[in-house]
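Please open the model in your viewer and keep the sequence panel beside it. The tour below moves from one selection to the next and says what is to be found at each stop.

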There are 2 protein chains.
Amino acid sequence: MALDRKPYRREAEDKRRQALVDATLAMVAEGGAQSATVRAIAQRAGVTAGLIRHYFQSKDQLVTAAYRHLMDRMTAESSAVLSAAPRDPLARLTAFVAASLKPPVVDPEALILWATFLQETHRDPAMKATHAQTYLGFRDMLQALIAALPGERDEVSQRRLAIACNAVIDGLWMEGCLLPEAFARGELVSIGVTSVGAILGIDLAQHLHLADPNPSEPVPDAAS
Amino acid sequence: MALDRKPYRREAEDKRRQALVDATLAMVAEGGAQSATVRAIAQRAGVTAGLIRHYFQSKDQLVTAAYRHLMDRMTAESSAVLSAAPRDPLARLTAFVAASLKPPVVDPEALILWATFLQETHRDPAMKATHAQTYLGFRDMLQALIAALPGERDEVSQRRLAIACNAVIDGLWMEGCLLPEAFARGELVSIGVTSVGAILGIDLAQHLHLADPNPSEPVPDAAS
DNA sequence: TGCCTTGTTATGCGGTTGCATAATTCATAG
DNA sequence: CTATGAATTATGCAACCGCATAACAAGGCA
């Protein structure tokens, strides 16, 4: 009758919720949505399945929270680039485009996560709202960068240009995530910066080395 | 003891397989992958679940067949435009871009289906091969159109330009599928043609009305 | 008309999933 | 040092999943 239960430690609520969210994203990234069962997620987080229900009313709520966290992270990665970018509008735009087309933004796992949650978006209004917000947020960021460029452009033109530039970036991002071996180092960045420049009628390529002295290596201080 | 079985009709193999594939796509489009169970698919196709195993060795094979059918359909819709397009290279490219950015290619269901199968791609080698084949096939089509344009371009440039133009089209396609209400009629086509022209350094917009006299209306003979 | 192949239905099984609930152990307060 | 509450584990359950197999009937062929 000597039941040896699994020993455990009590953790702060924030920590446990975060651990469960991280485990959810990890499971989805590795094996798709179907492998992200409550049991698998819990095991990944180092807890038992029942605990999920203690922090989330249902599995769907956990998934929604994970999606929101993912989107927040991607948005944060984008704006982080801007805060560290130079002041010259041309260099700023170049740095933004370049950062969007290399790791950690370009990442096979990121696309899997994005695609997996996209179908949930179709059903769950909360996730749909999160999606639209993030999506248009990125485009607005781009439009602001375009508006700051030298030269006169009315707002209608700015919007059209932002839509076009956003599309190039998204398309290249997808290709880079799906077929990472199909492109040479820095090729996506080069194509992206050149194309955005062509759409806007300016030469951005000359700002590439200024905006980013080390175009192929991700920041080395990756995880804390 | 009077068991009244469901009455049925025997059908040709092609018809039944196609019906099952169509039902699979319909279920995935409506409720995501998780709602596409063998029972639901069979019910949608008007048969019982056991029949699936009579035509496919497993559910995975049915899903793979459905994915291949979807990709073939999308590719066919794009290349169909080319066979009816004029001979002038500029007009041909314009028609191709325009057709890729309006119905039936741009369609919310299409994106959901694409995104859903994308995660399977990550696991199943057969689906990954189908994906890469379709993906690069579309880009090669684009590169051939670019190569036919007036002006000298070496193959390296052609490849880079094809990658960039493909990215714009993909990105706009995604936005159009995700937020159909965010764009005016014909706006995506207009932006796409203008942007592709800008990337290639030529003016395509003037060929838009020639290439497609009715840019916003899908063909009216939709379903038979 | 009557048989015979096989397309189709019907039924059942082992495994898994999300969720509910009871049992237990950790951490803190007094 | 002990008591109390809550975080965590453990157990169980109803529903559902894909798949196997057996029973049946539809339609061609003699």
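Leaving aside neighbours within four places in sequence, which residues is Ala99(A) in contact with? Select Ala99(A) and show its surroundings: once the neighbours within four places in sequence are set aside, the residues in contact with Ala99(A) are Val81(A) and Val105(A). Bear in mind from this first stop onward that you are looking at a predicted model. Ala99(A) belongs to helix 5 of chain A, which covers residues 89-100, and its relative accessibility of 15% falls under the 20% limit, so Ala99(A) counts as buried. If you now add Leu178(A) to the selection, you will have a pair that stands 79 residues apart along the chain, with 18 Å between the two C-alpha atoms.

**Chain A as a whole**

Next, select chain A and colour it by secondary structure, which shows 10 helices and zero strands. Read from the N terminus on, the order of elements is α-α-α-α-α-α-α-α-α-α. The C-alpha trace of chain A spans about 80 × 35 × 30 Å along its principal axes, and 48% of the 224 residues of the chain count as buried. If you consider the contacts in chain A between residues at least 6 apart in sequence, 67% of them join residues at least 24 apart.

**Helix 4 and helix 7 of chain A**

Now select residues 59-84 and 125-147 of chain A, which are helix 4 and helix 7. These two helices pack with their axes 10 Å apart and at an angle of about 5°; angles under 35 degrees count as roughly parallel, and therefore helix 4 and helix 7 of chain A are described as roughly parallel to each other. To see the contact itself, show the side chains of Thr64(A), Tyr67(A), Arg68(A), Met71(A), Thr75(A), Ser78(A), Ser79(A) and Leu82(A) on helix 4, and those of Met127(A), Thr130(A), His131(A), Thr134(A), Phe138(A), Met141(A) and Leu145(A) on helix 7. Sorted by class, the residues of this contact are seven nonpolar, seven polar and one charged.

While helix 7 of chain A is still displayed, pick out Gln143(A), which is found in that helix. Gln143(A) is buried, with a relative accessible area of 14%, and, not counting residues up to four places away in sequence, Gln143(A) touches Glu155(A), Gln158(A), Arg159(A) and Ala162(A).

**His131(B)**

Move to chain B and select His131(B), which lies in helix 7, residues 125-147, of that chain. Is His131(B) buried or exposed? With a relative accessibility of 2%, His131(B) counts as buried. Apart from residues up to four places away in sequence, His131(B) touches Tyr67(B), Met71(B), Trp114(B), Leu118(B) and Thr121(B), and also Leu178(A).

**The loop that holds Ser35(B)**

Staying in chain B, go to the loop between helix 1 (13-31) and helix 2 (38-44), where Ser35(B) has its place. Ser35(B) counts as partly exposed at 23% relative accessibility, and its contacts, beyond neighbours within four places in sequence, are with Met27(B) and Ala40(B). Measuring C-alpha to C-alpha in the viewer, you should find Ser35(B) and Thr24(B) 9.8 Å apart in space, with their positions 11 residues apart in sequence.

**The largest pocket**

Turn on a surface and look for the largest pocket, in which about 630 Å³ of space lies. Its lining is made up of 26 residues, and to find its centre you can select Ala33(A), Gln34(A), Glu120(A), Ala33(B) and Gln34(B), which lie nearest to it. Two or more lining residues are given by each of helix 4 and helix 6 (108-123) of chain A, and by each of helix 4 (59-84) and helix 6 (108-121) of chain B. The largest share, five residues, comes from helix 6 of chain A. By class, the lining has 11 nonpolar, seven polar and eight charged residues.

**Two cis peptide bonds**

Finally, select Pro103(A) and Pro104(A), between which the peptide bond is cis, with omega near 5°; Pro104(A) sits in the loop between helix 5 and helix 6 of chain A. In chain B, the bond from Pro103(B) to Pro104(B) is cis, with omega near 5°, and Pro104(B) has its place in the loop between helix 5 (89-100) and helix 6 of chain B.

Definitions and conventions. Residues numbered from 1 in each chain as written. Chains lettered and ligands numbered in written order. Predicted model: local features only at pLDDT ≥ 70, side-chain atom pairs only at ≥ 80, totals over all residues. Heavy atoms only, no water. Helix = DSSP H or I, 4+ residues; strand = E, 2+ residues; numbered from the N terminus. Buried < 20%, exposed > 50% of the residue type's maximum accessible area, 1.4 Å probe, protein only. Contact = heavy atoms within 4.5 Å. Axes fitted to C-alpha atoms, helices over the stretch in contact; angles between N-to-C directions. Parallel < 35°, antiparallel > 145°, perpendicular 65-115°, else oblique. Nonpolar A, V, L, I, M, F, W, Y, C, P; charged D, E, K, R; others polar. 1 Å grid on protein atoms, 1.4 Å probe; cavity = no way out; pocket = protein on both sides within 12 Å on 5 of 7 lines; lining within 4 Å. Points joined across faces, edges and corners; volume = space filled by probe spheres on them.
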